[in-house]
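Student: Before we look at the details, could you take me through this model step by step, and begin with how far it can be trusted?

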Amino acid sequence: MGGQTLARRSGVERGGVAVQHYLDVMVSILPFLWTGFVQTFWISLVAIAAGSVLGFLIGVVRSQRVPLLHQLFGLYIHVLRGTPFLVQLYVFYFVMPNTGIEVLQWSSETAAFVSLSVYTSSYVAEIVMAAIDAVPKGQWEAATALGLRRLPILGLVVLPQALKLAVPPMSGVYVNIIKNTAILSVIGISELTRQGEISIMRFPRDVLFIYGAIALVYFVYCYPVLRFTRWAERKVGGTRVVNLD
Amino acid sequence: MNWVLDFYNYRIVEQYLGRFAEGLENTLIAAAVSLGAAVILGTMLALCRMSSRAILWRPAAGYAAFILATPLLVQIYLIYYGLPALIPAAGRWSELTLGIIALSLHNAAYMGEIVRGGIASVPRGQIEGGKAVGMSYLQRLRYIVLPQAFANTLPPLLGQTAVLIKDTSLLSIIAVFDFLSAGLLLNSERVRPNESFLTIALGYLAIYVVMLSLSWAVKRWLAGPAWNVGA
């Protein structure tokens with residue numbers, strides 16, 4: 001009530017009243033933004049973890065150039081990179097339940113989680129493969145000469161070096177994933193952007209202010225990761241292992 | 001053949017071909033216009049970014065950080081709802097126009113990074129050589145830096161263009177009738193998710209394949225196959 005009358009007055013009066021009004025709006029939307037941020041944080045974290053594990057496995061398999069598997073996973077990556085995330089989300093949300101298979105009758109949370117993880121995996125797989133390829137051939141040859149087999153070479157010699165190279169592009173992907181969680185709002189996941197939309201229903205005149213506040217929260221979350229990416233790039237020696245897009 | 005029609009009834013898609021074409025047209029218009037605008041804005045942003053004057057590079061760096069660290073969807077909302085509040089006339093602009101503005105402003109930051117990388121890749125000696133023969137800043141830019149930067153910029157620029165085309169799908173959320181909206185329309189009228197979303201996915205994949213072949217062709221055209229093998 002108080003916010004409403006203030007909102008009406010702020011068009012006429014300026015200065016202190018406007019500041020007071022924005023403070024009021026901020027105080028009343030803060031709990032929503034916090035709930036939204038916590039949700040965004042968890043979704044992004046879980047999707048990053050699951051997507052990285054999946055992508056890591058695919059990347060390692062692809063780096064070994066096993067004839068059929070290599071092409072198959074290559075197709076998987078191209079399909080995921082060739083379509084917008086929004087379309088993938090719709091496919092997981094609408095098409096999967098339509099198959100009539102019991103296991104695929106997903107809730108919106110599951111569809112969101114699966115689509116984001118699968119999307120993440122396509123980027124991680126490319127990075128892991130490029131990083132493994134970037135380890136000099138001599139490392140393989142020396143390890144073979146010492147009598148190691150393929151898996152010990154991978155685990156003990158190549159991967160420890162490759163993962164270091166993968167850190168900068170991986171953190172770049174993480175920024176991308178955090179930003180993509182905003183798209184999940186269209187299927188009703190109550191993350192940050194969705195919470196903002198709910199707040200806007202209460203304060204329809206302050207759309208710009210509320211979206212600005214949401215953008216600020218995303219910025220506070222993403223910018224440190226972005227800075228870390230830059231720092232890691234310099235640290236690793238400026239070698240961009242893979243072109244992100 | 002019955003199971004094919006059960007899973008994917010192409011006759012329904014045929015009925016909607018006109019709507020899909022209409023959507024595709026809007027998608028391509030949005031992508032083309034915002035690509036052009038983003039390259040121009042991005043080049044200016046890159047030049048500001050590389051300037052030694054704080055009044056030029058600080059705002060440019062801040063702008064790039066803001067764009068890179070916030071979701072495109074939120075930026076689209078900010079432009080779609082926010083611009084009419086700042087410029088009253090913008091309230092009468094179409095969703096497509098506002099969407100194009102948002103996409104241009106978003107991609108300008110990415111294009112700026114790409115152009116900056118391209119300019120930084122031009123060896124310093126080239127610029128010093130230009131200075132030594134008495135060229136002005138603009139002449140050095142026009143005859144020495146930009147032509148070389150262009151060649152180093154084109155491959156990542158094509159990659160970003162592919163991303164830009166995919167990003168236009170977000171305009172469906174602010175009621176632009178793009179390619180994705182045509183599928184959403186089919187789904188809401190016929191309740192056939194397979195026909196609508198799989199068709200869209202295939203359409204975007206087709207565009208992606210075209211972009212991929214284009215980028216291979218450009219890589220070959222720029223330096224010839226020998227250079228690519230040598231790298």
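Student: Over which residues of chain B does pLDDT stay under 50?

Tutor: This is a predicted model, and its confidence is given residue by residue as pLDDT. Chain B averages a pLDDT of 90, and 96% of the residues score at least 70. There is nevertheless a stretch for which the model has three contacts beyond four places in sequence, and the stretch where pLDDT stays under 50 is residues 225-231 of chain B.

Student: In which helix of chain B is confidence highest?

Tutor: At the lower end stands helix α1 (residues 2-7) of chain B, with a mean of 81. The highest confidence in chain B, at 95, belongs to helix α3 (residues 17-50) of chain B.

Student: Which helix supplies the largest share of the side of chain A that touches chain B?

Tutor: The contact takes 29 residues from chain A and 32 residues from chain B. On the side of chain A, α3, α4 (85-98) and α9 (207-236) each supply at least two residues. The largest share, eleven residues, comes from α9(A).

Student: Why is α2(A) called oblique to α3(A)?

Tutor: The axes of helix α2 (residues 16-63) of chain A and helix α3 (residues 67-82) of chain A come within 9 Å and cross at roughly 135°. Angles over 145 degrees count as roughly antiparallel and those from 65 to 115 as roughly perpendicular, so the crossing of α2(A) and α3(A) is oblique.

Terms used
Residues are numbered from 1 along each chain as its sequence is written. Chains are lettered from A and ligands numbered from 1 in the order in which they are written. This is a predicted model: local features need pLDDT of at least 70, side-chain atom pairs count only at pLDDT 80 or more; totals for chains, interfaces and linings use all residues. Axes are lines fitted to C-alpha atoms, for helices over the stretch in contact, and angles run from 0 to 180 degrees between N-to-C directions. Helices (H or I, at least four residues) and strands (E, at least two) are DSSP runs, numbered from the N terminus. Angles under 35 degrees count as roughly parallel, over 145 as roughly antiparallel, 65 to 115 as roughly perpendicular and the rest as oblique. pLDDT is the predictor's confidence in each residue, from 0 to 100. Two residues are in contact if their C-beta atoms, placed from the backbone, lie within 7 Å.
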